[in-house]
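Reader: Hey, got a minute to walk me through this one? I'd like to poke at a few residues and then zoom out.

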Amino acid sequence: MKAIGMYLIVLGHFFSIGHKLIYVFSVPLFFIISGFLSKRVSNQKEFWKKLWYNLALPMIIITLLAYSVRTLGDIVLGRYNIGELIKLPINLVLGMWNIFKECWFIYTLILIKIVFQYTRGYIIDLVLTLLFLLISWIIYIEEFVILGYNIQHNPSSLINLFCCYPFFMIGFYMSKFKIYLNSYKVTPKTIIYFLSSLVCVYICYLYNGDVKMYTADFGDNIFLYLLGGVSGTAMIFFICKYLERYNLGWLRTISVGSILILGFHIFLVQILRKIFNEPSFLDYVWSLLILFIFIPIITFTQKYLPLLIGKYRTK
């Protein structure tokens with residue numbers, strides 16, 4: 001599912017035909033998957049060690065590399081503001097989108113995992129999820145200025161925590177049905193389930209407005225926001241169950257190296273968009289091509305630079 005999710009993320013950044021429909025569920029999909037694969041551990045040292053090597057360290061390296069490339073381009077074009085360099089440390093701590101760009105998701109996920117690790121029990125999980133949804137709604141309707149930043153106009157991973165956490169928890173509680181979901185077999189009814197999920201996603205797209213989770217914007221209706229994310233995830237689940245019969249190894253490679261793709265795919269998207277500047281269905285092909293380009297890069301990274309994709313993931 002992560003590989004298909006990554007394809008949708010790449011496609012969404014082309015801002016092509018249907019990208020607003022994709023935004024309904026593409027990012028929620030990743031948080032639901034993350035929650036599904038997460039568990040609370042008793043060994044706190046092991047928790048922080050894995051968090052550092054699997055997420056934090058790769059995120060820091062990839063973010064700074066991508067930021068350096070963008071900065072070099074701005075310097076060459078004569079549009080770099082030295083004030084940005086001065087604000088870099090505080091922007092890193094706050095998880096500002098203008099620094100992390102596509103890696104905002106990783107920073108937010110790290111924060112969610114910390115909250116998740118140190119809160120226990122069904123009641124606490126429910127209360128915290130509802131509280132975070134309420135905070136998301138308040139942020140949406142009010143303008144707040146924190147440390148000189150208007151949080152509606154300066155997207156931050158810290159703020160995005162509130163609108164993303166509910167999907168993570170949905171994924172976590174879905175994992176209680178892991179045996180059933182893993183053993184699910186495609187039947188003639190699967191197409192009905194798939195189409196039903198697709199219809200739900202489309203209805204949410206029509207009536208909820210734009211979903212932009214990187215700015216903590218859930219659209220016009222928080223219920224449709226949640227329904228769209230869950231329905232889209234179900235839709236991708238049925239697609240993946242169909243693809244299981246083909247044993248496509250390259251999908252697993254993409255899943256392992258998803259953090260690399262997340263951090264650097266945008267440069268390829270920008271190059272292709274300059275060449276083919278009009279949105280078209282050809283963007284769907286380019287998005288797949290970008291994933292294939294990353295396969296040998298991921299394979300090389302696994303062997304020689306494992307820290308870039310998470311130390312523990314290479315074992």
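Reader: Let's start with Leu111: buried or exposed, and why?
Author: Keep in mind that this is a predicted model. Leu111 counts as buried because its relative accessibility is 18%, and the cut-off for buried is under 20%.

Reader: Where is Leu111 placed?
Author: Leu111 belongs to helix H8, which covers 104-117.

Reader: And what does Leu111 touch, leaving out residues up to four places away in sequence?
Author: Leu111 has contacts with Ser157, Leu158 and Leu161. Helix H10 covers residues 157-174.

Reader: What's the C-alpha separation of Leu111 and Asn54?
Author: It's 14 Å for Leu111 and Asn54, with their positions 57 residues apart along the chain.

Reader: OK, moving along. Where is Tyr118 found?
Author: Tyr118 sits in the loop that links helix H8 (104-117) to helix H9 (122-141).

Reader: How does Tyr118 count for accessibility, and why?
Author: Tyr118 counts as partly exposed, because its relative accessibility comes to 45%. Exposed would need over 50%.

Reader: Which residues does Tyr118 touch, again not counting those up to four places away?
Author: Gln44, Phe47 and Trp48 are the contacts of Tyr118. By contrast, Asn154 is 36 residues from Tyr118 along the chain, and their C-alpha atoms are separated by 28 Å.

Reader: Switching to backbone geometry. What is phi for Phe15?
Author: Phi of Phe15 is near 50 degrees, so a positive value in a residue that isn't glycine. Phe15 is in the loop between helix H1 (2-12) and helix H2 (19-23). Its side of the accessibility story: Phe15 counts as partly exposed, at 47%.

Reader: What about Lys101 and its phi?
Author: Lys101 isn't a glycine either, and its phi is positive at about 50 degrees. Lys101 is in a loop as well, the one between helix H7 (97-100) and H8.

Reader: Now Thr301: buried or exposed, and why?
Author: Thr301 counts as buried, because its relative accessibility is 4%. Thr301 is part of helix H16, residues 282-304.

Reader: What does Thr301 touch outside its own sequence neighbourhood?
Author: Not counting residues up to four places away, Thr301 touches Leu260, Pro306, Leu308 and Ile309. Leu260 is 41 residues from Thr301 in sequence, but the C-alpha to C-alpha distance is 9.2 Å.

Reader: Let's talk core. How many residues are in the largest nonpolar core?
Author: The largest nonpolar core has 90 residues. Those with the most contacts inside it include Phe31, Phe105 and Ile261. Helix H10 gives the largest share of this core, ten residues.

Reader: What does Phe105 touch?
Author: Phe105 touches Phe30, Phe31, Ser34 and Leu262, leaving aside residues up to four places away in sequence.

Reader: Time to zoom out. How many helices and strands are there?
Author: The protein has 16 helices and two strands.

Reader: What's the radius of gyration, and how does that fit a compact globule?
Author: The protein has 19 Å, which agrees with the value near 20 Å that a compact globule of 315 residues would have. The C-alpha atoms fill a box of roughly 60 × 45 × 45 Å along the principal axes.

Reader: And what share of the residues is buried?
Author: Of the 315 residues, 48% count as buried. The protein exposes about 16,300 Å², with carbon and sulfur atoms supplying 70% of that.

Reader: What part of the contacts is long-range, 24 or more positions apart?
Author: Such pairs account for 80% of the contacts with a separation of 6 or more.

Reader: Last one, charges. How far apart are the mean positions of the positive and negative ones?
Author: The mean positions are 16 Å apart, for 27 positive and 13 negative charges.

How values were computed. Residues are numbered from 1 along each chain as its sequence is written. This is a predicted model: local features need pLDDT of at least 70, side-chain atom pairs count only at pLDDT 80 or more; totals for chains, interfaces and linings use all residues. Side-chain values use heavy atoms; hydrogens and water are left out. Helices (H or I, at least four residues) and strands (E, at least two) are DSSP runs, numbered from the N terminus. The radius of gyration is taken over C-alpha atoms; the globule rule is 2.2 Å times the number of residues to the power 0.38. Buried means under 20% relative accessible area, exposed over 50%, partly exposed in between (1.4 Å probe, protein chains only). Contact means heavy atoms within 4.5 Å. Accessible areas come from the Shrake-Rupley method with a 1.4 Å probe; for residues, only the protein chains shown count as cover. Lys and Arg count as positive and Asp and Glu as negative; His and the chain ends are not counted. The place of a charge is taken as NZ of Lys, CZ of Arg, CG of Asp or CD of Glu. A nonpolar core is a set of buried Ala, Val, Leu, Ile, Met, Phe, Trp, Tyr and Cys residues joined through side-chain atoms within 4.5 Å.
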